[in-house]
Amino acid sequence: MTTITAQDIVNEDLAALGETLSSELAKMAGGHVLLTGAAGFLGYYLVQALTHFNTTAGPGRKIAVTVFDNLSRGLPGWLEALINSGEVKFEKFDLREPLPNPMPT
């Protein structure tokens, strides 16, 4: 009997997202994306989809990813690892406040 782990399911989800969104991600290649609520459930998948795309993107085609979150539930380890690796830029920010001027790039 083969044991399926939660990480196996996440990996399958990310592969399916990458395949389903391939044309949209290609259009964003070389651009910059700002995600809010990045430390949450949906934020997890969006950040992972973008950084997964970047692992196979050619030179000049990576999508720059900046994430905002107020960290009301704390900083999850997966996001901390991406921040520390430089794969994403992080700003602790609460969207109930006015947006920073200038916006981070």
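**Salt bridges**

I searched the whole of this predicted model for salt bridges and found one. I then looked up the partners: the side chains of Arg96 and Asp94 meet at 2.5 Å, N to O. I checked how far each partner is open to the outside. Arg96 has 70% relative accessibility, and I put it down as exposed because the cut-off for that is over 50%. Asp94 has a relative accessible area of 21%, so it falls between the limits of 20% and 50% and I noted it as partly exposed.

**Asp69, a charge without a salt bridge**

I went on to Asp69, which sits in strand E2, residues 64–69. Asp69 is buried, yet I found no salt bridge for it. Which side chain of opposite charge is nearest to Asp69, and how far away is it? I found Arg73, at 8.1 Å. A salt bridge needs a nitrogen within 4 Å of a carboxyl oxygen, so Arg73 at 8.1 Å does not qualify.

I next asked what the side chain of Asp69 reaches instead. I found the backbone nitrogen of Ala38 at 3.2 Å from the side chain of Asp69. I also found the backbone nitrogen of Leu71, 2.7 Å from a polar atom of that side chain. Both distances come under the 3.5 Å limit for a polar contact, so I entered Ala38 and Leu71 as polar contacts of Asp69.

I listed the contacts of Asp69, leaving aside neighbours within four places in sequence. They are Gly37, Ala38, Ala39 and Gly40, together with Phe90, Glu91, Lys92 and Phe93.

**Strands E1 and E2**

I looked at strand E1, residues 32–36, and saw that its side chains alternate. Val33 and Leu35 point to one face and are buried. His32, Leu34 and Thr36 point to the other face and are not buried. I then looked up the pairing of E1 with E2, which is parallel and runs over five bridges. Which residue of E2 is the bridge partner of Val33? I noted Val65. Between E1 and E2 the chain passes through helix H3, residues 41–56, and I recorded this β-α-β crossover as right-handed.

**Helix H1**

I picked two residues of H1, the helix that covers residues 6–20. Ala6 belongs to H1, and so does Glu19. Is Ala6 buried or exposed? Ala6 has a relative accessible area of 59%, so I entered it as exposed. Glu19 comes to 64%, and I entered it as exposed too.

I also took two C-alpha separations. Ala6 and Leu95 are 89 residues apart along the chain, and their C-alpha atoms are separated by 31 Å. Glu19 and Phe53 are 34 residues apart along the chain, with 9.9 Å between their C-alpha atoms.

**The whole chain**

I closed with the overall layout. I noted four helices and three strands, and from the N terminus the order is α-α-β-α-β-α-β. The C-alpha trace spans about 55 × 35 × 20 Å along its principal axes. Of the 105 residues, 30% are buried. Among contacts with a separation of 6 or more, I found that 66% are between residues 24 or more positions apart.

Key:
Residues are numbered from 1 along each chain as its sequence is written. This is a predicted model: local features need pLDDT of at least 70, side-chain atom pairs count only at pLDDT 80 or more; totals for chains, interfaces and linings use all residues. Side-chain values use heavy atoms; hydrogens and water are left out. Buried means under 20% relative accessible area, exposed over 50%, partly exposed in between (1.4 Å probe, protein chains only). Lys and Arg count as positive and Asp and Glu as negative; His and the chain ends are not counted. A polar contact is a pair of N or O atoms within 3.5 Å; within protein, one must be able to donate a hydrogen and the other to accept it, and residues adjacent in sequence count only if both atoms are side-chain atoms. Contact means heavy atoms within 4.5 Å. Two strands pair if DSSP finds at least two bridges between them. A crossover is right-handed if, with the strands pointing away from the viewer, the path from the first strand over the helix to the second runs clockwise.
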